[in-house]
Structures are given as structure tokens and as C-alpha cells.
Amino acid sequence: MDEIYVSTDMEADGPLPGPHSMLSLGSAAFANSGDLIDTFRANLKPLPGSKPDPQTMKWWKDQPEAWARATEDPRDPATVMDEYVVWLKGLPGKPLFVGYPANYDFLFVYWYLMSFAKESPFGFQALDIKTLAVAALGVPYLTTSKRTMPREWFVGLPPHTHDALDDAIEQGMLFFRVREAVRSS
């Protein structure tokens with residue numbers, strides 16, 4: 001079965017799912033060739049009883065356009081996650097989660113999938129773009145960031161807007177550039 005790289009980004013109102021809510025989910029499915037196959041985007045209503053994190057909300061205050069996009073027309077999380085599972089299962093291969101940072105985005109997405117859809121088509125697999133960049137560059141993890149990565153990896157990529165789908169597409173394109181650098185080394 002072909003692997004489908006599902007670059008995923010989400011926006012949240014805090015650092016942990018449950019006490020805080022995922023506000024927006026965006027995924028861009030890429031074939032092994034790097035071609036974009038399909039996308040998924042949805043905004044979610046806050047979880048009952050959750051409370052926005054003050055530090056996170058301070059950051060959002062400086063991002064009014066992104067906040068507006070992440071919170072417009074929110075839908076029930078159970079409905080969104082059921083639709084997301086159907087979308088993932090409809091892809092022409094095994095979906096593999098790709099993120100930057102994968103540990104943060106995957107934490108929320110997996111928690112929401114298991115809490116609402118009762119399954120995760122990703123299983124436990126998540127590819128982290130930063131870790132792949134560390135392997136490509138042979139540099140320490142803690143000194144690696146998008147600011148320290150080669151500029152040519154970013155030429156022609158869409159801007160990072162903090163819109164979940166925009167960022168999923170951008171980061172998916174970055175994944176294939178970093179993967180090529182690993183293959184070339």
C-alpha cells in the first residue's frame with residue numbers, strides 16, 4: 001500500500017487537549033512524489049469545560065487575522081473528527097501524519113480522534129519535519145529551527161500564516177525538500 005503523507009497543522013487555545021481546545025484543523029495529503037492530492041479543513045467548537053490558556057491567548061491577541069480564521073464557523077468536534085476519519089480512509093494509501101512539530105500537533109489530533117471518532121487511521125505514527133532536518137543537516141536538535149535551516153528549502157513556499165490549512169500545505173512542501181536533502185546526503 002502506498003504511503004500518503006498527511007501534513008497536518010492545528011491551532012489551539014492552549015498546550016494540552018482536554019483542558020484546552022483545538023480550534024482549527026488543516027491537513028494536506030501528498031503522494032510519495034510530493035504531489036498534493038487533497039486537503040481537509042475545519043474549525044471546531046471549544047470543548048465543554050475547557051478554558052483557554054492565558055499565555056496562549058496573549059499570543060493570539062497579536063494574531064487577530066489568524067484568530068479570526070481559526071474561530072469562524074466552528075463545528076461540533078465529534079462531527080469534524082468523524083468526517084476527518086472518512087477523509088483519511090478515502091485517501092489512496094496509508095495515511096502517515098507529518099507535522100512541525102509533530103509532537104504538539106499529533107498530541108491534539110490523536111486525542112481528538114480517539115475521544116470523538118474512537119479510532120486513529122494514523123495509528124501511532126507521526127513524522128517530525130524538524131527531526132528529519134536534524135538528520136539531513138547533521139546538527140544538534142536543540143539548535144535546529146526553521147530560522148537555522150537552509151534558505152533554499154523555503155524558496156517558493158507559501159507564507160506561514162497560522163491558518164491550519166495554509167500551514168499544513170507549506171509544511172508538507174517543506175517535508176519533501178528536507179526528505180530530498182536526506183536522500184542527497
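Me: Two strands pair if DSSP finds at least two bridges between them. With that in hand, what makes strand 2 and strand 3 a pair?

Reply: Strand 2 (residues 22-30) and strand 3 (residues 36-43) share seven bridges in the antiparallel sense, and the rule asks for at least two, so they count as paired. One of the matches puts leucine 25 opposite alanine 42. Five residues lie between the two strands of this hairpin, and glycine 34 has a positive phi near 95°.

Me: And how are helices and strands picked out and numbered?

Reply: They're DSSP runs numbered from the N terminus: H or I with at least four residues for a helix, E with at least two for a strand. Keep in mind that this is a predicted model, where local features need pLDDT of at least 70, side-chain atom pairs count only at pLDDT 80 or more, and totals for chains, interfaces and linings use all residues. Residues are numbered from 1 along each chain as its sequence is written, and side-chain values use heavy atoms, with hydrogens and water left out.

Me: What is the strand order of the open sheet?

Reply: The five strands run 3-2-1-4-5, with mixed pairing. Strand 3 and strand 5 each have a single partner strand, so they stand at the edges, with one side lacking a neighbour in the sheet. From one strand to the next, the twist averages 25°.

Me: Which strands does strand 4 pair with, going by the bridges?

Reply: Strand 1 (residues 3-12) runs parallel to strand 4 and is joined to it by five bridges; serine 7 has valine 98 as its bridge partner there. Strand 5 (residues 126-128) is also parallel to strand 4, over three bridges. Valine 98 stands opposite leucine 127 in strand 5, and phenylalanine 97 is matched with alanine 126.

Me: How do you know whether strand 4 is mostly covered or mostly open?

Reply: Five of the six residues in strand 4 (residues 94-99) are buried, which leaves the strand mostly covered. Buried means under 20% relative accessible area, exposed means over 50%, and partly exposed is in between (1.4 Å probe, protein chains only).

Me: Why is glutamine 55 called exposed?

Reply: Glutamine 55, in helix 1, has 59% relative accessibility, so it counts as exposed. Arginine 147, in the loop between helix 5 (129-137) and helix 6, gets the exposed label because its relative accessible area is 76%.

Me: Why is helix 1 described as roughly perpendicular to helix 2?

Reply: Their axes come within 7 Å and cross at roughly 110°. Angles of 65 to 115 degrees count as roughly perpendicular, under 35 as roughly parallel, over 145 as roughly antiparallel and the rest as oblique, so helix 1 is roughly perpendicular to helix 2. The axes are lines fitted to C-alpha atoms, for helices over the stretch in contact, and angles run from 0 to 180 degrees between N-to-C directions.

Me: What makes up the contact between helix 1 and helix 2?

Reply: Contact means heavy atoms within 4.5 Å. Met57, Trp60 and Lys61 of helix 1 meet Pro64, Ala66, Trp67 and Ala70 of helix 2. These residues divide into six nonpolar, no polar and one charged. Ala, Val, Leu, Ile, Met, Phe, Trp, Tyr, Cys and Pro count as nonpolar, Asp, Glu, Lys and Arg as charged, and the others, Gly among them, as polar.
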